[in-house]
Amino acid sequence: DDAESDATLLPAGKVRDLGAGASWTYPSRTQCFQCHTDAAGGSLGLEIGQLNGDFVYSTTNRVSNQLATLEHLGLFVAPVGDPSLLVRLPVPRAEGPVDARARSYLHANCSHCHRPGGNGKGSMDLRFATPAAATKTCGAVPEEGSLGIPDAKIVAPGEPQKSVLSLRFHASDATRMPPVGVRKTDPDGAALLRE
């Protein structure tokens, strides 16, 4: 609500005018389930691997592992244990190998649909833990259209202009990915995928 004190479950989708030419789209329940799939565990929230890293806490100016801090605050039902023994996904906007950072970005933004049993079309598996050769992307012919690009591939090594995966992030029409809840291109993410 306008007071930001309560929320109402909508019977259908809605677009709310925020003024100054801006709006907020509330997806319908059906649209929500396009991404919030059983294959992805229902929630698209942060995962252990995304939280397992150092974070600067501005109120104290301390640097601490996010998992250790959340555990210290008592926010987990069971102990997490030593974060160094847990999976840690690369930060897409940090330094490091571009392939690992791009795979981490795809995991966070695409793998909830593009995985076995997910709602994503085609047979791609964009989970970070999937070996690169098993993602069915590099040099693969797009199963869901080439966007009119001659000799298009899902990922065409060294040729982002022929890589449908990268081009869909830049699209502003119905070919845009992800298809729900996004109207603007993430310039940093798009640049990372292009790279």
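Buried means under 20% relative accessible area, exposed means over 50%, and partly exposed is what falls in between, with a 1.4 Å probe and protein chains only. The model is predicted, so local features need pLDDT of at least 70 and side-chain atom pairs count only at pLDDT 80 or more, while totals for chains, interfaces and linings use all residues. Residues are numbered from 1 along each chain as its sequence is written, and side-chain values use heavy atoms, with hydrogens and water left out.

**Exercise 1. The whole protein**

Describe the protein by its secondary structure, its extent and its surface.

Solution. Begin with the elements: helices (H or I, at least four residues) and strands (E, at least two) are DSSP runs, numbered from the N terminus. On that basis the protein has 6 helices and 4 strands, and their order along the sequence is β-β-α-α-β-β-α-α-α-α.

Next, take the extent: along the principal axes, the C-alpha atoms fill a box of roughly 55 × 45 × 35 Å. Of the 195 residues, 29% count as buried. The exposed area, from the Shrake-Rupley method with a 1.4 Å probe, comes to about 12,700 Å², and carbon and sulfur atoms supply 56% of it.

Finally, turn to contacts, where contact means heavy atoms within 4.5 Å. Among the contacts with a separation of 6 or more, 32% are accounted for by residues 24 or more positions apart.

**Exercise 2. Helix 6**

Determine which residues of helix 6 are buried, how they are arranged around the axis, and what covers them.

Solution. Helix 6 spans residues 187-194, and within this helix Gly189, Ala190, Leu192 and Leu193 are buried. Seen down the helix axis, these buried residues fall within an arc of 160°, so they line one face of helix 6; the arc is that of the directions from the helix axis to the C-beta atoms. The cover over the buried residues includes helix 4 (98-109) and helix 5 (164-170).

The start of the helix can then be inspected for a polar contact, a pair of N or O atoms within 3.5 Å, of which, within protein, one must be able to donate a hydrogen and the other to accept it, and for which residues adjacent in sequence count only if both atoms are side-chain atoms. Here a side-chain oxygen of aspartate 186 comes to within 3.2 Å of the backbone nitrogen of aspartate 188.

**Exercise 3. Two residues with positive phi**

Locate alanine 20 and asparagine 61, and state the phi and the exposure of each.

Solution. Start with the background: most residues other than glycine have a negative phi. Alanine 20, although not a glycine, has a positive phi of about 55°. This alanine 20 lies in the loop between strand 1 (14-19) and strand 2, and it counts as exposed because its relative accessibility is 88%.

Asparagine 61 is likewise not a glycine and has a positive phi of about 60°. Asparagine 61 sits in the loop between strand 3 (54-57) and strand 4 (62-65), and its relative accessible area of 61% is why asparagine 61 is exposed.

**Exercise 4. Loop residues and their contacts**

For serine 28, alanine 39, threonine 137 and proline 142, work out whether each is buried, partly exposed or exposed, and list its contacts beyond four places in sequence.

Solution. Serine 28 belongs to the loop between strand 2 (22-26) and helix 1 (29-35); its relative accessibility is 18%, so serine 28 counts as buried, and it touches Ala12 and Gly13.

Alanine 39 has its place in the loop between helix 1 and helix 2 (48-51). At 28% relative accessibility, alanine 39 counts as partly exposed, and its contacts are Arg115, Pro116, Gly117 and Gly118.

Threonine 137 is in the loop between helix 4 and helix 5; with a relative accessible area of 10%, threonine 137 is buried, and it is in contact with Met124, Leu126, Ile154 and Val155.

Proline 142 also lies in the loop between helix 4 and helix 5, and proline 142 is buried, its relative accessible area being 15%. Its contacts are Ala152, Lys153, Ile154 and Val164. For lysine 153, a C-alpha distance can be added: lysine 153 is 11 residues from proline 142 along the chain, and their C-alpha atoms are separated by 5.7 Å.
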